[in-house]
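Please look over the sequence and the model below before reading on. The report that follows takes up the backbone, the surface and the interface in turn.

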Amino acid sequence: MASALEVKVHPLVLFNIVDSYERRSEDPKRVIGTLLGIVDKNVVEITNCFTVPHNESADEVAVDIEYAKGMFDLYKRVTPWETVVGWYSTGNEVTAHSRLIHEYYSLECKQPIHITVDTSLKNNRMNIQGYIGSAVGISGKAQGVIFTPLDIDIVAQDAERVAFHTISQAKSLPRKVVSVRSDMEQVAKASEQIETMLEKVEDYVDKVTKKELEANPKVGRSLLELINSVPKLSAEEFDTIVNSNMKDLLMVVYLANLTKTQLMLKEKLIHCLYEDQVGKFDWRQQYIGKVQFAAFNQAGQFGKKVIVGSEENVIAALTVKNGELSWRQILENDDRLDTVLHLETAVVAISGGGKFVRAFTINQGFLLWEVNLQSEPEGTATGVIYGGRSEKVAVLANNRVWSVDTSTGRVQWTKTLTPLKSKFQKLINTDSSVTVLRIPSSGDTDVISYSTDGSRVAENTIKNPWMKTDSLECITVTTNVVCLESEKSRLYLLNAAKPHSYKEIVLSASTCSKNLNALFETRESLGSLFGFKKSSGSGMALIKIDGDKTKELFYSDNIVATSITKLNNELIIATATVENQEIKIRFFEYETGNEITSLQMSDIWPSYRKYPNELRVLAFKKKDGTTSVRVFIISDDLSLSMFIKNGGITWTREEALSNILSVEMVDLPVSQIQAEMEDEFGSSGYNLASMFVKRLITQLHQFGTWILHISAKLSKTSGSNSGRAELINDPDYLTRDDFNLHKMIVATTASMKLFGIDNLSGQILWQISITNAEVFDHSGKIALPLYIQRTTAHFPHPPVATVVARHATKAQSIFMTFNPITGEIQGSNDGVLMNYVPIQITQLQFVQEDYIAPLVIIDSSKMVHVYPTEGKNVVKEHANNLFTYTVDTTTNILNGYVIMQEDSYLVAAPSWRVDLMKNEQNITNIVAKRSIGTNYYLRYQEIPFSYMFTVSFLEHVHSQGVVLGDRSVMYKYLNPNLFAVTTSGVDQQGKSFISVYLIDGVTGNVVYSTTHKSALGPVQIVHSENWIAYVYYSVKNRQKRSEVAVVEIFEGKEQNNATAFSSFSVNYQPMFMTQAYIFSGHVSAMAVTVTEKGITNKEVIMALPTGSILALPKMLLDPRRPLVPTAESQEEGVLPYIPELPKLFEAMVNYNQSVYRVKGIHTAPAGLESTSLVLTYGLDLFYTRLMPSKMYDVLKEDFDYFFISAVVTGMIVVSVVTQKFSSRKALSRAWK
Amino acid sequence: MITLTIFVSLLSCATLISSFDDGPYYDVPPTYVWDVEHSFEPNNVDSFKPKGKINVKVGQKIHGFFNPVDKFSDHDMKLLKKCADADGWYKIRVFNESVQVFSQTRARLLIENGLAEVLKLKISNSGRLNGVFIKTPRSSLNEFRTTLEIDSSAPAPVPDTHLYIQKMEEEKAQRAKGGEKDTRSFFSKYWMFIVAAVVVMMVFTNDPNQGQAAGGGGGGGK
């Protein structure tokens, strides 16, 4: 046996041994150590070793066993596959002590190998000898060890070999230094070697043929073999092969270098934000969307998780502890997530109607495998785990069934089902088989079962009519299908495992009387339980299936959601009830229906959360015997909460924020001190004495508050580490700061929830849910418009904001008015109901007496309404001068209206019409600019006919013109009434095109229009000042790329009307300057920065689908960039034209904080002229500040105030002194 | 955008007009005829009266002319003045059986500017009527006259890659040419810059804080 053992040693081991011998301490003569390696049957491969200190004297040997163990543990961490295989010692003999050491090692491994390495270089050779020890002695009692010599092979891996060769080169060099050769040098060296070898062979062959040397048949044979192994090629062919190979190699080298350079550059550029500034001015929030699938997972090694899948096709894992995203995978935007299945260590997601089935690891969310089942899916897919322990996934979509192996993602079998009248819609796991069911409301019911290998186990057809109904609502309860017929008085029960035992159950009168009309399935597939509930609100009966009977466990009027879970192998049911802003989770035994009162828990449940929709429960016994319960709640307002027993609701995620529709940034109110000051100036009608008294009183008061303020601040700084949460509780926190950088972000979301978010921290400060309402929806474009009707500037009047929504069922609209800073609702919590559906809402720029800017609403019958109604007088005052328009995207007709007064009514009289030809194109965008104040128009707000824009403040244009290089001025065409319309269509040649129109909203004058042929949308467009910029996708001449086009409009070198613009007196032809640029990459949303006064340069912000947000200086998009720079253009500072827009890394304002599926970008000015506040929203939120022209209006932090004041004082002193001297001198001169 | 205009008095008629670069090609240019009507009532109740017809031929170029049907009578003039006094609207509508567009302007403006009127028609590349706009340029004739202006799509901007590449190549060629002439060594050519750079470096390396300037003064309104 021993002789059959094969021992392979890696050079590294030998080097290690020699090295440790070289470094041994003076005393011992030899070095010993442990050999590490892999044992595979009869092959022992020694891959590593380490020295073990030991002490030898004549009669004893001491080995530091502790050290050896410790070292081995450490090695185990690095290379867990290596085990102890034996030991080594230097020297050339096996000594008496070797037996003792060997005995120790035979405890560590089964059959230790002993290797001696002769470091004394006897006979000038380093002899390496292996031994295997075998015990000898009389039976039952070992007496000694025989060391049997073994042969040792030295093997090396490629890397080791290269290293060895490199090192061995140093042997002959005087300085013993050698550097690693580059690839090309290696190739050259190898070629050189081959050349010398060839020469040798040639020489030999020549000599043999000349009979100078005797032929060696062995050499001859191997030469023949060699020649035969080379394929016969012509010289040219060989050349091309070598060359092309070489080219490939060079290409790889080149690409590798390029990547390296790119990475280095990125490293340099991306840090243009100082590291300590990261997250200081910006924040990001990542969301999942409306959660549809959720389940607890306890298997993960990084704590418990909740695995969720959302309607937005996102899969994520939330940590149970704090609700943070452990990982998140964003799948295709255009596919829907059909099913999420949970395996032991993986999550399987089926999306796009069976288009993709993917598995992700639960711990990290890495993609394990992905399989494409059908490329053109139809309908939705259902999936189920089946096959008992072998865990396979069955997918049913579009009358086909697939079985996928969960460990490899391989499709094991596919079955196409006979497509009869209706589709197969249910897929049920019936132990080791999977069953598909077709339950049509009329016709036969088919039930087919397949086993794991795809064979048809059972096929049953249940003759119609076993159910007497027209429409059915079916749910799956473990292996049962429960159907509810349309009259809600009977249930049908079918067990997929025993299809012939189907049953019809007539509901009892007491159940019927409860008005229950919807089935509720628990998703855990534990126990045969289902709920029977009211379609809205609370009230649910829990029904258990027992064999082929059903049993109503209990009914409660308050239950809104239920779930089932396992606790110590017993099933328990959890129910949620909400009453008086309190949520209660109660638990019941599954078997008996008795309540487990010890587990009951409750917490505050604010009314804006509406009702819990679904629950997931995790219950387990802790080590100390107490029961711990975690309840994951998905509510109607899309929020996700974690409810922990004895801890209450520990965290809540507001997933509603993943679908923001409108955003406003509202100024915070000034602090009380300032407000009082302003109050003093604002009031009138006091006489001098009372004014004086008032002044004294307020100043005293101010002094008092100031003292309080200072003392509060001092006490706070002594406590120092006050977090942000504390700050927000501070009443002074929500007051305006010096530069008005601190604002309230007010957002409306598609789930009818409004949020107030602190722009500095990103914390939600208030939230409002609108009940019975829905968003305005026009052919898939949804909107929930938000108007700031009164800003914070009118102390003591509180700010006012209004949201307009549609009534969920009636042809009415809901106006919800609230304070945007505190979130307090004005009036009823349901808002104000109006008996009309608006087609257009416009916010007026003029204010009523109480500073509210009224909304002007046009309803579908062209009636004009004003909200609030007191605003009517303001509208009447400006009647005949107010214009508005609607865009009907179904007919492509744009209508303009003038608001007129007829008797006491206000009417919208048609004033213009533009027809954009529906049969040629479709309207895709309507973008008005943030308007500039003139008295001629209403600001445009569109409702369902098209889109809605939220325009709530005036954009200031600082400069009326552009100063050219020759010092002349080119005046901008600053028509505030201009709006842009983009369309897309297909022309007569079948080529797609996009068009852009600029239309005056007062007169219907189409100021500009252009058509890009061979171009595709979606078009993103920004419209500001006198320019528009838009992105489209060009498919011209096989050049598929994104392009950005810019149109700037000028009046010319003379200004027509400097004081006020009137759309009616535009009698000149404006100049249009256009240019297009290539942009590498797509753009999913676009916006432009705005600043307080419009002095600062602008930046165009683009959100890219890759997750970056790019801020491009508008200067780059100047259409006047000359191809050949002239002296004048250089004087003016216009950049020379380069067709491609640079995508600079330092312009990515969100550095590594990628945000996905950006739908919109909102910009707002700060009090600081240089700064613009930016919020991008979509699936994620990202907020930052942009300073397009850097911070030119703020002194640097290290500004030397002392120096400057010292210089100024010095100057004053000097000037006073010198004045004296000079006057004296002048006087004395005068006397002379 | 190439637009040409021609004045057409109400009494006479004339042709005109516009051409554009990439309009569709037709063997026989289609002709469109649109009716024009106007209304100017002081009480804002529309009462449209025929004003004329517009004929437009769409080919490589778009030609169009306005054919007035009736004289602008003294009665009409009085009505217009009355309308202007009441700050009423002067409306124009252009239509045929398939399309109708209209616009309006203040009657006051028309009278103040001497009764000159330009009908700006927006016509799509395929020759369809998109919209109309009434311009009231200042005139001293004080006599009603109508002019037609036809406006079609502007050519779309495209990235100027060809010109740019051409320019780059020219520059390259020039550089190649220039390179032959100047055979001086690097140092002999640029010694003054190098000396300047060294001096600047020496001055600035004394103050390490100088480097991290936050870049001020980039403002400048546009």
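In which strand of chain A is A:P1018 found? In this predicted model, A:P1018 is found in strand β67, which covers residues 1015–1024 of chain A, and the peptide bond that leads to A:P1018 from A:G1017 is cis. A cis peptide bond also joins A:Y867 and A:P868, and here A:P868 lies in the loop between β57 (864–867) and α12 (872–877) of chain A. The table sets out the two bonds.

| Peptide bond | Omega |
|---|---|
| A:Y867 to A:P868 | about -5 degrees |
| A:G1017 to A:P1018 | near -5 degrees |

Another backbone feature is found at A:N313, which is not a glycine and yet has a positive phi of about 65 degrees; A:N313 belongs to the loop between β13 (305–310) and β14 (314–319) of chain A. As background, most residues other than glycine have a negative phi, and most peptide bonds are trans.

On the surface, a patch of negative charge brings together A:E192, A:E195, A:E199, A:E202, A:D206 and A:E212. One of these residues, A:E202, has its place in helix α5 of chain A, which is made up of residues 183–209.

Turning to the interface, 66 residues of chain A are in contact with 57 residues of chain B, and the two chains bury about 4700 Å² between them, with 51% of this area on carbon and sulfur atoms. How many salt bridges are counted between chain A and chain B? The count is one, and a salt bridge is formed by B:R128 with A:E920, whose closest N and O atoms are 3.7 Å apart.

Technical notes
Residues are numbered from 1 along each chain as its sequence is written. Chains are lettered from A and ligands numbered from 1 in the order in which they are written. This is a predicted model: local features need pLDDT of at least 70, side-chain atom pairs count only at pLDDT 80 or more; totals for chains, interfaces and linings use all residues. Side-chain values use heavy atoms; hydrogens and water are left out. Patches are made of residues with over 30% relative accessible area and no salt bridge: like charges are joined within 9 Å, nonpolar side chains (Val, Leu, Ile, Met, Phe, Trp, Tyr) within 5 Å. Accessible areas come from the Shrake-Rupley method with a 1.4 Å probe; for residues, only the protein chains shown count as cover. A salt bridge is a side-chain nitrogen of Lys or Arg within 4 Å of a carboxyl oxygen of Asp or Glu. Lys and Arg count as positive and Asp and Glu as negative; His and the chain ends are not counted. The place of a charge is taken as NZ of Lys, CZ of Arg, CG of Asp or CD of Glu. Helices (H or I, at least four residues) and strands (E, at least two) are DSSP runs, numbered from the N terminus. Contact means heavy atoms within 4.5 Å. Buried area is the accessible area (1.4 Å probe) that two parts lose on being put together, summed over both.
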